[in-house]
Amino acid sequence: SDLSSFIAALPKAELHLHIEGSFEPELMFAIAERNGIRLPYGSVEELRSAYAFNNLQEFLDIYYQGMNVLQKEEDYYDLTIAYLKRIKADNVRHTEIFWDPQGHLERGIPFSTQIDGILRALKEGEETLDISYRLIMSFLRHLSEESAFDTLAEAEPYLQEIYAIGLDSSETGHPPEKFARVFAACKDKGLKVTAHAGEEGPAEYVWQALDLIKVDRIDHGNRSLEDPELVKRLAADQQVLTVCPLSNLKLCVVSDLNEHPVPAMLNAGLKATINSDDPAYFGGYMNDNLNALQQAVNLDQRQLVTLTRNAIDGSWATEERKQVLR
Ligand code: HPA
Ligand code: ZN
């Protein structure tokens, strides 16, 4: 049945969104031009047509290339405010966004330039669009533990503005255990922690995220379903999973949306949530993800309410804000 109006009207929280992955080609070209950078694509259409991926790494190569045009504080502001205006149309009322400081530090962009622009937009969005937020600093797992510690040191003056730490980028070959010590240091500073796990990597990486990183939630988590003991553990802990259907389809984590694991997760009592991950690259924001999944696996209204409620309950919004959103 057509539940698109029902989906559109639900108040939503987004818990898995890379701000660099919300970089729409039109804005990318505009910022490239004003910064005097030539993109290796002749047009917006040509760039969009390059968004065809067989796996996570093929996407990441294009994602890191895209963020290269971000140079000035206003670039980070423009990127972030564009995302907030776009999700307002989807009735997203709270968002917890990742950003990848190492992807910019490597190019010589100061930490303060990045975070000042992002925070200026987030604060403006909270005031003018009534979208509450948390900012999550994410470590790139293909880089070293030392680089993660260096990045944490850069973040020190901003720790009041950074709510949590994440772990993303190339999963296979970069297990959570590689970052156990730096995440322990983050927890000592009172930060929440989360990690991408079980997207392409095995269930073993989800166990490591739980036991070695002691995550407060799991990003993706799809492959957890391969391990019944792990499913039991996730259900017992009521661990939140930030699942991303269109991302999974575009990165070939699932071969067809009608095989998506969300119904199995809900049936197993797991706290699944729906998110857009990198909407500019994967072809859809929150409502697009919910609509595509609803149609593919025939979710009913009760399941849709459960998914959006899981996100509000599992968010890091204040209890007062959660009450407003429920
Ligand atoms: N997985 C891992 N790293 C990422 C992703 C993702 O889906 N998006 C941006 N960085
Ligand atoms: Zn992600």
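This is a short talk through a predicted model, from its sheet to its ligand shell and a few loop residues.

Okay, let's start with the sheet. It's an open one with 8 strands, and the order is simply E1-E2-E3-E4-E5-E6-E7-E8, paired in parallel. At the edges you have strand E1, residues 12-18, and strand E8, residues 271-274, each with pairing on one side only. Going from one strand to the next, the twist averages 25°.

Now look at E4, residues 164-168. How many of its residues are buried? That would be 5 of 5, so to speak, a mostly covered strand. On one side you see Ala-164, Gly-166 and Asp-168, on the other Ile-165 and Leu-167, and both of those faces are covered. As for its partners, E4 pairs with E3 in the parallel sense over 5 bridges, and one spot to click on is Ser-138, whose bridge partner in E4 is Gly-166. E4 also pairs with strand E5, residues 192-197, again in the parallel sense, over 2 bridges. There, Ile-165 has Val-193 in E5 as its bridge partner.

On to the helices that sit on this sheet. Helix H7, residues 111-128, lies across strand E2 (92-99) and strand E3 (132-140), and its direction is at about 155° to E3. Then there's helix H16, residues 301-314, which packs on the sheet and touches E1, strand E6 (217-220), strand E7 (240-243) and E8. Relative to E8, the direction of H16 makes about 100°.

What about the core? In soluble globular proteins, nonpolar side chains tend to be buried together. Here the largest nonpolar core has 85 residues, and the members that touch the most others are Ile-19, Ile-97, Ile-118, Ile-165, Val-206 and Ala-209. You've met Ile-165 already, as one of the buried residues of E4. Which residues does Ile-118 contact, leaving aside neighbours within four places in sequence? The list is Ile-19, Tyr-76, Thr-80, Trp-99 and Leu-135.

Next, ligand 1. Around it you'll find His-18, Gly-21, Leu-56, Tyr-63, Asp-168, Ser-169, His-196, Glu-199, Ser-247, Asp-277 and Asp-278. Sorted by class, that shell has 2 nonpolar, 5 polar and 4 charged residues. Asp-168 is in this shell, and we just saw Asp-168 among the buried residues of E4.

Last stop, some loop residues. Most residues other than glycine have a negative phi. Gln-238, though, isn't a glycine and has a positive phi of about 50°. You'll find Gln-238 in the loop between helix H11 (228-237) and E7. Is Gln-238 buried or exposed? Exposed, because it has 12 C-beta neighbours inside 10 Å, and 12 or fewer is the cut-off for that. Asn-298 has a positive phi too, near 60°, and Asn-298 isn't a glycine either. Asn-298 lies in the loop between helix H15 (286-297) and H16, and with 12 C-beta neighbours inside 10 Å, Asn-298 also counts as exposed.

One more for anyone with an eye on cysteines: Cys-252 is in the loop between helix H12 (245-250) and helix H13 (262-267). Cys-252 counts as partly exposed, because there are 14 C-beta neighbours inside 10 Å. Not counting residues up to four places away in sequence, Cys-252 touches Asn-54 and Asn-55. And if you want a distance to try on screen, the C-alpha atoms of Cys-252 and Ala-184 are separated by 33 Å, with the two residues 68 apart along the chain.

Conventions. Residues are numbered from 1 along each chain as its sequence is written. Chains are lettered from A and ligands numbered from 1 in the order in which they are written. This is a predicted model: local features need pLDDT of at least 70, side-chain atom pairs count only at pLDDT 80 or more; totals for chains, interfaces and linings use all residues. A residue is near a molecule or strand if its C-beta atom, placed from the backbone, lies within 6 Å of it. Ala, Val, Leu, Ile, Met, Phe, Trp, Tyr, Cys and Pro count as nonpolar, Asp, Glu, Lys and Arg as charged, and the others, Gly among them, as polar. Two strands pair if DSSP finds at least two bridges between them. Helices (H or I, at least four residues) and strands (E, at least two) are DSSP runs, numbered from the N terminus. Axes are lines fitted to C-alpha atoms, for helices over the stretch in contact, and angles run from 0 to 180 degrees between N-to-C directions. Two residues are in contact if their C-beta atoms, placed from the backbone, lie within 7 Å. A nonpolar core is a set of buried Ala, Val, Leu, Ile, Met, Phe, Trp, Tyr and Cys residues joined through C-beta atoms within 7 Å. A residue is buried if 20 or more other C-beta atoms lie within 10 Å of its own, exposed if 12 or fewer, and partly exposed in between; C-beta atoms are placed from the backbone.
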